[in-house]
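Thanks for coming, everyone. I'll keep this short. Please have the model open while I talk.

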Amino acid sequence: MSGESVSQPVPGGPEDTPHAADDLVVLSGVNKHFGALHVLQDIDLTISRGEVVVVIGPSGSGKSTLCRTINRLESIDSGSITIDGKPLPAEGKELARLRSDVGMVFQSFNLFAHKTVLENVMLGQIKVRKTEKKAAETKARALLDRVGVGTQADKYPAQLSGGQQQRVAIARALAMDPKVMLFDEPTSALDPEMINEVLEVMQQLARDGMTMVVVTHEMGFARSAANRVVFMADGRIVEQATPEEFFSNPRSDRAKDFLSKILHH
Ligand SMILES: Nc1ncnc2c1ncn2[C@@H]1O[C@H](COP(=O)(O)OP(=O)(O)OP(=O)(O)O)[C@@H](O)[C@H]1O
Ligand SMILES: [Mg+2]
């Protein structure tokens, strides 16, 4: 475990802002193995409050694993991760609270199938945040309106389209008042016509100042919403830059190769 990780300069990024209270998520020297596979290699990544970071990279490069370590769905072998200055708790109530501070939206919507849309958005508030039922319902309805599915509140997830279900999943995460939201390919399982309605909700969240880490292949979203693009390959952060810089002037061969594949398809 090394406290003095070599931090790489972030061209155009927040490298000249002091390491301060505005650092919301800080990974330093993070390593993770799956057996012989070194899936995260010396990851140093600092995400500021209100920042939107888009993570891209080839399949298997460790993007999902990175997200999953941030809310401790995966443990790490060495290094440290702090959220708002606090190290990730290992287990128990503390961990449950941390998980609700870190909202996560996956490719598969993961809604509770036997609960209504409204109940899905109320449940965590009641169980983890100990919110009173009436207040939880009021908040759930407001959030469902905000993501454009207020009229679906009494339906079950299976009765909704994929895009609607994903927006419910976003509302459910938001109901916990998370400090940061992680999105792992939130639109890759959706039919094309539903992708935009989900991206628009995410764009609005970004404009509202939510701190977000987004793994996505939607380069339009990266260009318009991201403050920073982080490019991963083989378990490492190879390059990070503003979207303008990254897309117009990728520096590494890996990034050039990756971009030529996804942009000319
Ligand atoms: N639970 C696990 N056990 C063993 N190996 C795993 C596990 N989860 C992921 N891996 C491996 O770790 C590597 C990184 O996986 P990860 O899912 O983080 O990549 P990714 O960048 O999200 O890829 P994709 O773009 O395909 O989603 C892959 O080689 C994957 O097979
Ligand atoms: Mg993945």
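The lining of the second largest pocket divides into 13 nonpolar residues, six polar and two charged. Keep in mind that this is a predicted model. The space in this pocket comes to about 570 Å³. Lining it are 21 residues. Those closest to the centre are Arg99, Ser100, Met104, Arg172 and Met176.

Which elements give two or more residues to that lining? They are helix H2, residues 92-101, strand S6, helix H3, residues 117-127, and helix H5, residues 162-174. S6 supplies the largest share, with four residues.

So much for the pocket. Follow S6 into the sheet. This strand covers residues 102-105, and it pairs with S7 in the parallel sense over four bridges. Methionine 104 is opposite leucine 182 of S7. Recall that Met104 is also among the residues closest to the pocket centre.

Now S7 itself. Is this strand, residues 180-184, mostly covered or mostly open? Mostly covered: five of its five residues are buried. That holds for both faces. On one side sit Val180, Leu182 and Asp184, and on the other Met181 and Phe183. Note the aspartate: Asp184 is buried along with the rest.

S7 has another partner. Strand S8, residues 211-215, runs parallel to S7, and five bridges join the two. Here valine 180 faces threonine 211 of S8. What connects these strands into a unit? Helix H6, residues 192-207, joins S7 and S8 in a right-handed β-α-β unit.

On to charges. In general, side chains of opposite charge can pair when their charged atoms come close. This structure holds 14 salt bridges. I'll take three.

Start with lysine 32 and glutamate 74. Their closest N and O atoms are 3.6 Å apart. Lysine 32 is in strand S1, residues 23-34, while glutamate 74 is in the loop between helix H1 and strand S4, so this salt bridge ties together parts 42 residues apart in sequence. Are these two buried or exposed? Both lysine 32 and glutamate 74 are buried.

Next, aspartate 101 and lysine 179. Their side chains form a salt bridge at 3.9 Å, N to O. Again the pair links distant parts of the chain, 78 residues apart. Aspartate 101 belongs to helix H2, and lysine 179 to the loop between H5 and S7. How do they compare in exposure? Aspartate 101 has a relative accessible area of 17%, so it counts as buried, the cut-off being under 20%. Lysine 179, at 28%, is partly exposed.

This pair does not stand alone. Asp101 and Lys179 belong to a network of salt bridges that also links Asp22, Arg49, Asp84 and Arg129.

Third, arginine 167 and glutamate 197. Here the salt bridge is 3.0 Å, N to O. It links helix H5, which holds arginine 167, with helix H6, which holds glutamate 197, and the two residues are 30 apart in sequence. Arginine 167 is buried, at 9% relative accessible area. Glutamate 197 is partly exposed, at 25%.

Let me tie two threads together. H5 gives residues to the pocket lining, and its arginine 167 pairs with glutamate 197 in H6. H6, in turn, is the helix of the β-α-β unit with S7 and S8.

That's my tour. Happy to take questions.

Note on methods
Residues numbered from 1 in each chain as written. Chains lettered and ligands numbered in written order. Predicted model: local features only at pLDDT ≥ 70, side-chain atom pairs only at ≥ 80, totals over all residues. Heavy atoms only, no water. Buried < 20%, exposed > 50% of the residue type's maximum accessible area, 1.4 Å probe, protein only. Pairing = 2+ DSSP bridges. Right-handed = clockwise from strand over helix to strand, strands pointing away. 1 Å grid on protein atoms, 1.4 Å probe; cavity = no way out; pocket = protein on both sides within 12 Å on 5 of 7 lines; lining within 4 Å. Points joined across faces, edges and corners; volume = space filled by probe spheres on them. Nonpolar A, V, L, I, M, F, W, Y, C, P; charged D, E, K, R; others polar. Salt bridge = Lys/Arg side-chain N within 4 Å of Asp/Glu carboxyl O.
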